[in-house]
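Work through the exercises below with the sequence and the structure at hand. Each task is followed by a solution in steps.

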Amino acid sequence: MQSSRIAGIGHYVPKNVYTNADLSRFMDTNDEWIQERTGIRERRFADRLEETTTTMGVEAAKIAIGRAGITAQDVDFIIFATLSPDYYFPGCGVLLQREMKMKEVGALDVRNQCSGFLYALSIADQFIKTGMYKNILVVGSEKHSFAMDFETRSRNVSVIFGDGAGAVVLQPAQKEGQGILSTHLHSDGADAEILAMFYPGSHANKWMPEKPGYPDQELGGLFLTTEQLQSGSALPYMDGPAVFKKAVVKFPEVIREALQANQLSAQDIDLLVPHQANLRISQYVQQLLDLPDEKVFNNIQKYGNTTAASVPIALSEAWEAGKIKDGDLICLAAFGSGFTWASALIRW
Ligand code: COA
C-alpha cells in the first residue's frame with residue numbers, strides 16, 4: 001500500500017508574548033512556581049480581535065503548502081484539529097477552505113484535544129494509503145486565550161496554555177520505506193470530566209440538573225445564564241495531578257507500542273517530538289526511554305501547551321532548526337483530555 005510522507009510543514013505563533021511575570025499581574029502566581037512545575041517561561045496570546053484559530057491555521061497552512069511545492073488549489077482534503085474553534089459550529093476546516101479560496105474539497109474537523117493533531121495525521125495517512133487523496137492539509141490550531149480565566153481561581157489552568165498553529169501537507173511517499181510507518185490511537189473515557197470544558201454543551205440536564213440552562217430548563221446547557229458565566233462553570237476544568245499521573249504512563253506506553261509494531265527500539269529514534277504538555281512529563285518520558293537530550297525536542301518553555309497545535313509547531317521548529325534530516329526516525333506522541341493518546345513513527 002502507498003505510504004504517506006510529510007511534504008511540507010509550517011507553523012505560526014502570535015506576536016504577543018506573555019511572560020510568567022506578566023501573568024502574575026492578573027493572578028496570584030509567580031515565575032518560580034510555573035517554571036518549576038511546568039518548565040514554561042512564556043507563551044503567546046493571539047490578538048483578541050484580529051486573530052482566530054482559523055486565521056492562525058491559515059498562516060501555518062500557507063507555509064506548509066509553499067514548502068510542499070503546491071498551491072492551495074492543489075489541496076484535495078482538509079483536516080483541522082482544534083478544541084478552540086471560531087464557532088461552536090461549523091468547524092474551522094470550512095472557514096480555512098473559504099479563507100484560502102480552495103476548491104470545494106472535503107473538510108473535516110477533529111476534536112481530540114492534545115492528541116488531535118496525531119488523530120488527524122492518522123486519518124490523512126489512511127486516505128493517502130487507499131489512494132483517495134494526494135495532497136492533504138492537516139492543521140492543528142488553538143486560541144486558548146479567548147476562553148481562559150485570568151483570575152487566581154483558574155491559575156492551575158491558565159498558566160499552562162498558549163496560542164498558535166502548525167500545519168503539514170501529506171503526500172504519497174516517493175520511495176520505499178519513507179514516510180509514516182505507523183500510527184497508534186487510543187482512548188479511555190472513564191475520566192472524561194478530569195480535563196474538560198462543560199459549556200456550551202448538551203449535558204446540563206443529564207449531569208447537572210441543579211444548574212438548568214436558559215431560557216427553558218428543558219433546553220439544557222447550550223444556553224448560559226449570567227450566574228453560570230460568573231460562577232466559572234463555562235471555564236476549562238483540570239485536575240492537574242490526575243492528568244499528570246495518567247500521562248506519564250500512557251506516553252511511554254504508546255511510544256513503545258509504535259516501536260514494537262515496527263520492530264524498532266528506543267535507541268533507533270533520532271528525534272522524539274512529544275506533545276508539549278509539561279516539561280516534567282517530557283523529561284520523565286525521556287528518562288524512561290533512556291534518550292539523550294539532543295534526541296528530544298521541547299519548546300514548551302516559549303509557547304506553553306498549545307494542545308492540538310503543539311506537535312506540529314514543535315515538529316516545524318525542529319525541522320527549521322535542521323534537527324530533522326532525510327532518513328531520520330521521528331517519533332511523535334501525545335496525550336490529553338478524553339483521555340485520548342496517540343503516537344506516530346515517521347521515516348523522514
Ligand atoms: N501558581 C502558584 N500556585 C499554584 C498555581 C499557580 N499557577 N496553580 C496551582 N497552585 C497551587 C495550588 O493551589 C496548590 O496549593 P496548595 O498546596 O496550597 O493547595 C499547589 O500549588 C499545588 O497544586 P497542584 O495542583 O498539586 O500542583 P502540581 O504540582 O500538580 O502542578 C500542574 C500543577 C497543573 C502544573 C501539574 O499537575 C500538571 O502539569 N499536570 C498535567 C497537566 C497537563 O499536562 N495538562 C494538559 C493535558 S495534555
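**Exercise 1.** Decide whether Asp290 is buried or exposed, and find where Asp290 lies.

Solution. The model is a predicted one. Step 1: the relative accessibility of Asp290 is 57%. Step 2: the cut-off for exposed is over 50%, so Asp290 counts as exposed. Step 3: Asp290 is part of the loop between H10 and helix H11 (300-303). Step 4: the phi angle of Asp290 is positive, near 60°, and the residue is not a glycine.

**Exercise 2.** Do the same for Gln113: is Gln113 buried or exposed?

Solution. Step 1: Gln113 has a relative accessibility of 14%. Step 2: buried means under 20%, so Gln113 counts as buried. Step 3: Gln113 sits in the loop between strand E5 (106-110) and helix H5 (116-129). Step 4: Gln113, although not a glycine, has a positive phi of about 50°.

**Exercise 3.** Classify Asp268 and Ile123 by accessibility, and state how far apart the C-alpha atoms of Asp268 and Lys250 are and those of Ile123 and Leu108.

Solution. Step 1: the relative accessible area of Asp268 is 35%. Partly exposed covers values between the limits of 20% and 50%, so Asp268 is partly exposed. Step 2: Asp268 belongs to the loop between H9 and strand E11 (271-274). Step 3: Asp268 and Lys250 are 18 residues apart along the chain, and 20 Å separates their C-alpha atoms.

Step 4: Ile123 has a relative accessibility of 27%, so Ile123 counts as partly exposed. Step 5: Ile123 is found in helix H5. Step 6: Ile123 and Leu108 are 15 residues apart along the chain, with C-alpha atoms separated by 10.0 Å. Step 7: apart from neighbours within four places in sequence, Ile123 is in contact with Ile79, Leu108 and Val110.

**Exercise 4.** Describe how helix H3 packs against helix H4.

Solution. Two packed helices are described by the angle between their axes and the distance between the axes. Step 1: for H3 (residues 53-67) and H4 (residues 92-99) the angle is about 55° and the axes are 9 Å apart. Step 2: this angle makes H3 oblique to H4. Step 3: H3 and H4 cross in a right-handed way. Step 4: on the H3 side the contact is made by Thr53, Thr54, Gly57, Val58 and Ala61, and on the H4 side by Cys92, Leu95, Leu96 and Glu99. Step 5: sorted by class, the contact of H3 with H4 has five nonpolar, three polar and one charged residues.

**Exercise 5.** Repeat the description for H9 and H10.

Solution. Step 1: H9 and H10 pack at about 40°, and their axes are 10 Å apart. Step 2: that angle makes H9 oblique to H10. Step 3: the crossing of H9 past H10 is right-handed. Step 4: H9 brings Phe244, Ala247, Val248, Phe251, Pro252, Ile255 and Arg256, which meet Arg280, Ile281, Tyr284, Val285, Leu288 and Leu289 in H10. Step 5: the contact of H9 with H10 has 11 nonpolar residues, no polar ones and two charged ones.

**Exercise 6.** Find which residues have the most contacts inside the largest nonpolar core, and which elements supply the core.

Solution. Nonpolar side chains tend to be buried together in soluble globular proteins. Step 1: the largest nonpolar core has 39 residues, and Ile255 and Leu272 have the most contacts inside it. Step 2: at least two residues of this core come from each of helix H9 (240-261), helix H10 (279-289), strand E12 (329-336) and strand E13 (340-347). Step 3: H9 gives the most to this core, eight residues. Step 4: not counting residues up to four places away in sequence, Leu272 touches Ile255, Val285, Leu289, Leu291, Lys295, Val296, Phe297 and Cys331. Step 5: a second, separate core has 35 residues, including Val138, Val311, Ile330 and Leu332.

**Exercise 7.** Locate two cis peptide bonds, one joining Phe89 and Pro90 and one from Gly338 to Phe339.

Solution. Step 1: between Phe89 and Pro90 the bond is cis, with omega about -5°. Step 2: Pro90 is in the loop between strand E4 (77-81) and H4. Step 3: the bond from Gly338 to Phe339 is cis, and its omega is near -10°. Step 4: Phe339 lies in the loop between E12 and E13.

Terms used
Residues are numbered from 1 along each chain as its sequence is written. This is a predicted model: local features need pLDDT of at least 70, side-chain atom pairs count only at pLDDT 80 or more; totals for chains, interfaces and linings use all residues. Side-chain values use heavy atoms; hydrogens and water are left out. A nonpolar core is a set of buried Ala, Val, Leu, Ile, Met, Phe, Trp, Tyr and Cys residues joined through side-chain atoms within 4.5 Å. Buried means under 20% relative accessible area, exposed over 50%, partly exposed in between (1.4 Å probe, protein chains only). Helices (H or I, at least four residues) and strands (E, at least two) are DSSP runs, numbered from the N terminus. Contact means heavy atoms within 4.5 Å. Axes are lines fitted to C-alpha atoms, for helices over the stretch in contact, and angles run from 0 to 180 degrees between N-to-C directions. Angles under 35 degrees count as roughly parallel, over 145 as roughly antiparallel, 65 to 115 as roughly perpendicular and the rest as oblique. A crossing is left-handed if the near helix is turned anticlockwise from the far one by less than a right angle, and right-handed if clockwise. Ala, Val, Leu, Ile, Met, Phe, Trp, Tyr, Cys and Pro count as nonpolar, Asp, Glu, Lys and Arg as charged, and the others, Gly among them, as polar.
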